[in-house]
Every structure is written in structure tokens, then in C-alpha cells.
Amino acid sequence: MSSQAGVALLRLAAFAVAAILVGVVLAVFSTGASTPDETIGIATLQTAVFFFGPIAAIATLAFIVVLALTRPASLAVRSRATRFVAAAYAAVGVGLAVLLSGTWWGLLGGIGSTAAAALSWWLLGRPEAPHTT
């Protein structure tokens with residue numbers, strides 16, 4: 001049962017990181033779109049699309065990889081890799097919380113992603129209890 005909870009939390013952490021980064025793209029895009037100076041606005045839009053857009057796309061692809069890695073058949077074989085991915089998402093969540101501490105959604109999302117990934121790492125490392133019927 002703990003591995004199922006760990007998988008769910010790891011998927012939540014991966015989804016939260018992707019959602020935060022898509023939120024960054026949208027926030028920068030809306031800032032550029034609402035800037036009265038056309039030159040600065042276009043430069044900000046380009047930053048949103050060409051810099052933050054690929055980062056959000058990579059995070060979304062990483063979420064898809066996490067979904068594949070945490071299938072029941074894959075999890076039995078790759079439990080150590082899954083724990084490594086959970087630790088990596090905890091580190092990414094801390095980084096997002098620090099970098100986006102000026103926004104409430106970035107800070108809370110980073111903290112939530114870190115907590116979910118850290119708890120997932122812990123739950124995936126616990127031995128399964130034997131099933132008695």
C-alpha cells in the first residue's frame with residue numbers, strides 16, 4: 001500500500017512542477033502582453049515563448065516519463081530509479097520555491113511539490129507489508 005501512495009505522490013509532484021512552469025510561461029506572457037511599450041512587450045513575449053516555453057515543455061515531458069516509470073510493471077523493476085526521480089523532484093521543488101518566492105503560487109507550489117516528492121521518496125523506500133488473507 002505504501003508504494004501506491006508513493007507513486008501517487010510522485011505523480012503529484014511531477015504534475016505540480018509542470019504546472020508551475022506553465023504558470024511561469026503564462027505570467028511572463030501576460031506581463032509582456034499588458035506592457036504599454038511595444039518594444040519591451042515584444043521582448044517579454046519572446047522571453048516567455050523562447051526561454052520559459054521549452055523549460056515548461058521539458059517539465060511536461062518529464063511528467064510523462066514519470067507516468068511511464070510508475071506503472072506497476074515498471075515500478076517493480078525500477079524502484080531505485082523511481083526513488084532517485086523522487087529525490088530529483090524534491091530538489092527541483094526547493095529550487096522553484098526559492099526562485100519563485102516572490103509569487104504566492106510559485107512558493108506554495110514549490111513547497112507542495114517538495115513535500116510530495118520527499119514523502120514519495122520515503123514511502124517508496126519502505127518495505128511492503130506481507131499480505132494476509
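At what angle do the axes of helix 1 and helix 2 cross, and within what distance do they come? In this predicted model, helix 1 spans residues 2-33 and helix 2 spans residues 38-69. Their axes come within 8 Å and cross at roughly 170°. Angles over 145 degrees count as roughly antiparallel, and the two helices are therefore roughly antiparallel to each other. Sorted by class, the contact between helix 1 and helix 2 has 22 nonpolar residues, along with six polar and one charged.

The loop between helix 1 and helix 2 is a handy place to look next, and T35 is found there. T35 counts as partly exposed because its relative accessibility is 24%, while buried means under 20%. Looking further along the chain, T35 and W122 are 87 residues apart, and their C-alpha atoms are separated by 45 Å.

Two valines invite a closer look. V66 has its place in helix 2 and is buried, with a relative accessible area of 2%. The C-alpha atoms of V66 and Q4 are separated by 14 Å, with the two positions 62 residues apart along the chain count. V49 also belongs to helix 2, but this valine counts as partly exposed, at 42% relative accessibility.

V49 has company on the surface: together with F29 and F50, V49 forms a nonpolar patch. The accessible area of F29, V49 and F50 together is about 320 Å².

How values were computed:
Residues numbered from 1 in each chain as written. Predicted model: local features only at pLDDT ≥ 70, side-chain atom pairs only at ≥ 80, totals over all residues. Heavy atoms only, no water. Axes fitted to C-alpha atoms, helices over the stretch in contact; angles between N-to-C directions. Helix = DSSP H or I, 4+ residues; strand = E, 2+ residues; numbered from the N terminus. Parallel < 35°, antiparallel > 145°, perpendicular 65-115°, else oblique. Nonpolar A, V, L, I, M, F, W, Y, C, P; charged D, E, K, R; others polar. Patch = residues over 30% accessible without salt bridge, like charges linked within 9 Å, V, L, I, M, F, W, Y side chains within 5 Å. Areas by Shrake-Rupley, 256 points an atom, 1.4 Å probe, with all protein chains shown as cover. Salt bridge = Lys/Arg side-chain N within 4 Å of Asp/Glu carboxyl O. Buried < 20%, exposed > 50% of the residue type's maximum accessible area, 1.4 Å probe, protein only.
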